[in-house]
Amino acid sequence: MSTESAKPALSQEAIVAQFQQLRNDQRNLANSLNTLEMDLREHKTVIETLEAADPERKCFRQIGGVLCERTVKEVLPQLVENKDFIAKTIVMVTNDLSKKGSELNKFKEEHNIKIRGEHLGGEGAKGADAEGKAENRNVLVSN
């Protein structure tokens, strides 16, 4: 292998450590993305429920661990704003995850890293299975 830049050669331990760090970063991004997608689904469900409710109806919202009494007309715009912010964040995290995957693949190729038991698309299947679990969280609406 020829070195294109004046970088010092990394030891095997340093290469493995850097590769593991890249994989951990990728897993953390994937976990964040999964959490954000669950939050988005929850927001959509609550918004759909509250849109059908009377705007003057009493509802409760948990803010920072404190349950606050509000009306539907006060809470609904805040939920829509939060949902939009979560959707934008999902796009950013998805882009970051894609970049991290490219960086990881490039690092694997540069250092000729082979992973035992790795199949094509192996890690993508794990995320799809975990996506549907823990979908529902408690929502309290008063009569």
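Helices and strands are taken here as DSSP runs, with at least four residues for a helix and at least two for a strand. On that basis, the protein chain of this predicted model comes to 3 helices and 2 strands. Followed along the sequence, these elements take the order α-β-β-α-α. Of the 143 residues in the protein chain, 27% count as buried. Contacts across the sequence are a good place to begin: among those between residues at least 6 apart, 70% join residues at least 24 apart.

Helix H1 covers residues 12-51. A UniProt record, an unreviewed entry, lists residues 19-53 as a "coiled-coil region". In the model, that stretch is 94% helix and 0% strand, and its end C-alpha atoms lie 51 Å apart. The record's annotation may be inferred rather than shown by experiment.

The two strands come next. S1 (58-63) pairs with S2 (residues 66-71) in the antiparallel sense, over 6 bridges. Ile-63 stands opposite Val-66 of S2, and the hairpin has 2 residues between its strands. Within this hairpin, Gly-64 adopts a positive phi near 60°. Two cysteines also deserve a look. Cys-59 has a relative accessibility of 2% and Cys-68 one of 17%; because buried means under 20%, both count as buried. The disulfide count nevertheless comes to 0, the rule being a pair of cysteine sulfur atoms within 2.5 Å.

Helix H2 contains 39 residues, numbered 72-110. Its length offers a simple check: at 1.5 Å a residue, H2 should span 57 Å, and its end C-alpha atoms are 56 Å apart, which agrees. After H2 comes Asn-112, which has a positive phi, near 50°.

Salt bridges in the model come to a count of 4. One of them brings together the side chains of Asp-25 and Lys-100, at 3.6 Å from N to O. This pair links distant parts of the chain, as Asp-25 belongs to H1 and Lys-100 to H2, 75 residues apart. How exposed or buried are the two partners, Asp-25 and Lys-100? Asp-25 counts as partly exposed, with a relative accessibility of 25%, whereas Lys-100 counts as buried at 15%.

A further salt bridge joins the side chains of Lys-73 and Glu-56, with an N to O distance of 2.8 Å. Lys-73 lies in H2 and Glu-56 in the loop between H1 and S1, so this pair ties together parts that are 17 residues apart in sequence. Lys-73 counts as partly exposed, with a relative accessibility of 46%, and Glu-56 also counts as partly exposed, at 48%.

Asp-84 and Lys-83 form another salt bridge, in which the closest N and O atoms are 3.8 Å apart. Asp-84 is partly exposed, having a relative accessible area of 36%; Lys-83 is partly exposed too, with a value of 22%. Salt bridges that share partners also join Asp-25, Lys-100 and Glu-103 into one network.

Terms used. Residues numbered from 1 in each chain as written. Predicted model: local features only at pLDDT ≥ 70, side-chain atom pairs only at ≥ 80, totals over all residues. Heavy atoms only, no water. Expected span 1.5 Å × (residues − 1). Buried < 20%, exposed > 50% of the residue type's maximum accessible area, 1.4 Å probe, protein only. Pairing = 2+ DSSP bridges. Contact = heavy atoms within 4.5 Å.
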